[in-house]
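Reader: I'd like to go through this one and ask how each label was earned. Can you set the values against the definitions for me?

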Amino acid sequence: MSKIEDLADRVERLLLRHEEIKRTNALLEQQLAAVTQERDSLRSRLHAARSRIDALLERLPADKVAGTAEHGDSAP
């Protein structure tokens, strides 16, 4: 093959590789968006659960909360 044909082959391979990388990048961006959305949803659920736990703790008598915290057990 001539140098021009070799160069044309290399350019063609580079273009194909570039397209492949662009497709891979697009898939990775989609996966990242999905994982980010899931993370945000889990953070929101965690915040809501913490708020519910805090509200339940405030409803407990003060001596029970202090006793549980001192002894580290959850039994009344």
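Author: Sure, starting with a term: a salt bridge is a side-chain nitrogen of Lys or Arg within 4 Å of a carboxyl oxygen of Asp or Glu. This is a predicted model, where local features need pLDDT of at least 70, side-chain atom pairs count only at pLDDT 80 or more, and totals for chains, interfaces and linings use all residues. Residues are numbered from 1 along each chain as its sequence is written, and side-chain values use heavy atoms, with hydrogens and water left out.

Reader: What makes Glu19 and Lys22 a salt bridge?

Author: Their closest N and O atoms are 3.7 Å apart, and the cut-off is within 4 Å, so the pair counts.

Reader: Where do Glu19 and Lys22 sit in helix H1?

Author: They are three residues apart there, about one helical turn. Helices are DSSP runs (H or I, at least four residues), numbered from the N terminus.

Reader: Why is Glu19 called partly exposed?

Author: Glu19 has a relative accessible area of 37%. Buried means under 20%, exposed over 50%, and partly exposed in between (1.4 Å probe, protein chains only), so Glu19 is partly exposed. Lys22, at 44%, also gets that label.

Reader: How do you know that Glu20 and Arg17 pair up?

Author: Their side chains meet with N to O at 2.7 Å, a salt bridge. Both lie in helix H1 (residues 3-59), three residues apart.

Reader: And what about Asp40 and Arg39?

Author: The closest N and O atoms are 2.9 Å apart, so this pair is a salt bridge too. Asp40 is partly exposed at 38%, and Arg39 at 39%.

Key
Helices (H or I, at least four residues) and strands (E, at least two) are DSSP runs, numbered from the N terminus.
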